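Biologist: Could you walk me through how to read a helix and its surroundings in a model like this?
Modeller: Sure, let's put it on screen.

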Amino acid sequence: MNGIRGVALRGTQAMAVEVEVEITGGLFSITVVGLPDTAVKEARERVRAALRGTGITLKGRIAINLAPADLPKEGALLDLPMAVGLARAAGRVECDGHATFMGELALDGRLRWVRGAVPAAVLARELKAPLYVPKDNEMEVSLVDGVEAYAVDTLVDLIAHLKGEKPIPRVEHGICEARDFAVETDFADIKGQFAAKRALEIAAAGHHNLLMSGSPGSGKTLLARALKGILPPLSDEEMMEVLLVRSTAGLPFEPGRVRPFRSAHHTASSVAICGGGASMRPGEVSLADRGVLFLDEFPEFSRDVLESLRQPLEDGTITVSRAIGSVTYPARVLLVTACNPCPCGYSGDPAEPCRCSQGALERYRRKLSGPILDRIDLHVAVPRLSPEELVSLGGACGEASSDVRARVEAARKLQQERWKDMGYHCNAELPEKILRRHIKMESDVRPFLAETVKGLRLSGRGFSRILRVARTVADLEGAASIGVHHVAESLSYREGAAFGGSGWAH
Ligand SMILES: [Zn+2]
């Protein structure tokens, strides 16, 4: 490349941008081709001021071309390659087109943190080219194995480095230890709620989406947050994916292997949840990638938002379309939803009476049906503890998250081993035909299931969900085939069971 290499972001990928600079005689002017107008104006001022700080005063007619022209670019990421290109055109530094530069310049020449340094590092590694990033991006870039990166404080430092006067040391490869796993909300700190904790354990083990129903103050949010403490730590590959999404979204670096947890409010826009918008960033469903997405007050979410969550729940990705083209972000989430049992919130509460009419109850439950509900395998009631229960429980909180996590990890291994030849990772992914043909059952299970389907009037899909969950319950026990007691437990989490066990059809 003749020019200087910068980057633009497309999804979680960095694309190379060539910055070509030409200076000719005449009155001073700078034109930039290939950037939106507003970004050009700002970038021009920053670059000019920062160069002045290094003793380079720009003269003549300057033309900067950013290629390819059809790739949407962000001004701030390209400040640094533009400054280097100008310094080279002014004859102040030598620099071939091999290295990649990224960073926003402050007027005094300091480099500011930018989004997208991790994708840029991945690109630089592919190109086998050195990468120059702002000092504040050093930590995240250090986790990209095999990249030759340099963290730069100021433009003056960079120019001294390029001239060979004062070399900047190469960024050392950082390691994120498997033990970097801190549990914020431990199961052992949550009183009672044994049924809900068990449902969370099953959700974590088989990657089953979950609906919790309970009165305000019953602790649904706390329970949802505790879920990330029982999920297995992120693998190297998963951690890199999480890092890429965070970097693309412009979120600060967070070390560790705990899975992401994001909660979205029902008033959040579709862009906030799914991604996109003018600056094309990932949404909450992508920020929760490889972790948990929590939707409280689930029935209040708009149909549009719920409809758009179908793709991520099925494929583990989300595609956002805009005029400039479409972009796909990773979005493999464990979905946890929560709702009140009824509009007033107190149906089934030990202390408060429910004030809802039968009609209001029915309307509320109808709102809960819909596209996403088919993807939710587990339903559980989270009742508020009565004062008597709180007293009788005393200090009884049950197991610590680390003990539960050990069972979850063992159950996940069994599933990976069993389904790997068919291309599945966990029980929740199993389609109906696989379930019917490949699930081993003890001899007394089939007659029991036949009776149950008839008695509870289970739909075909409802039946599949029961089988998937029963398989996970059996995996948590290390059992090779499903027994009647696994199915019986699975039935207690069926759709509608969270609302007093009556179940409802739709
Ligand atoms: Zn009510």
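Biologist: What covers the buried residues of helix 8?
Modeller: Two ideas first. A residue is buried if 20 or more other C-beta atoms lie within 10 Å of its own, exposed if 12 or fewer, partly exposed in between, with C-beta atoms placed from the backbone. Two residues are in contact if those backbone-placed C-beta atoms lie within 7 Å. Here the cover includes strand 1 (4–10), helix 3 (117–127), helix 4 (138–142), strand 13 (281–282), helix 10 (284–287) and strand 16 (325–330).

Biologist: How far should I trust it, and how do you number things?
Modeller: This is a predicted model, so local features need pLDDT of at least 70 and side-chain atom pairs count only at pLDDT 80 or more, while totals for chains, interfaces and linings use all residues. Residues are numbered from 1 along each chain as its sequence is written. Helices (H or I, at least four residues) and strands (E, at least two) are DSSP runs, numbered from the N terminus.

Biologist: Which residues of helix 8 are buried?
Modeller: Val242, Leu243, Leu244, Val245, Arg246, Ser247 and Thr248.

Biologist: What span does helix 8 reach?
Modeller: The expected span is 1.5 Å times one less than the number of residues. Helix 8 (residues 236–249) has 14 residues and reaches 20 Å from first C-alpha to last, close to the 20 Å expected. Just after helix 8, Gly250 takes a positive phi of about 80 degrees.

Biologist: At what angle do helix 3 and helix 8 cross?
Modeller: Fit lines to the C-alpha atoms over the stretch in contact, then take the angle, 0 to 180 degrees, between N-to-C directions. These two axes come within 7 Å and cross at roughly 120 degrees. Under 35 degrees is roughly parallel, over 145 roughly antiparallel, 65 to 115 roughly perpendicular, and the rest oblique. Helix 3 and helix 8 are therefore oblique to each other.

Biologist: Which residues meet there?
Modeller: From helix 3, Ala117, Val118 and Pro119; from helix 8, Leu243, Leu244, Ser247 and Thr248. That set divides into five nonpolar, two polar and no charged. (Nonpolar covers Ala, Val, Leu, Ile, Met, Phe, Trp, Tyr, Cys and Pro; charged is Asp, Glu, Lys and Arg; the others, Gly among them, are polar.)

Biologist: And strands: how many bridges join strand 5 to strand 8?
Modeller: Strands pair if DSSP finds at least two bridges between them. Strand 5 (residues 100–101) and strand 8 (residues 131–134) run parallel with two bridges, and Thr100 partners Leu131. Strand 8 also pairs in the parallel sense with strand 9 (residues 149–152), over four bridges, with Tyr132 opposite Tyr150.
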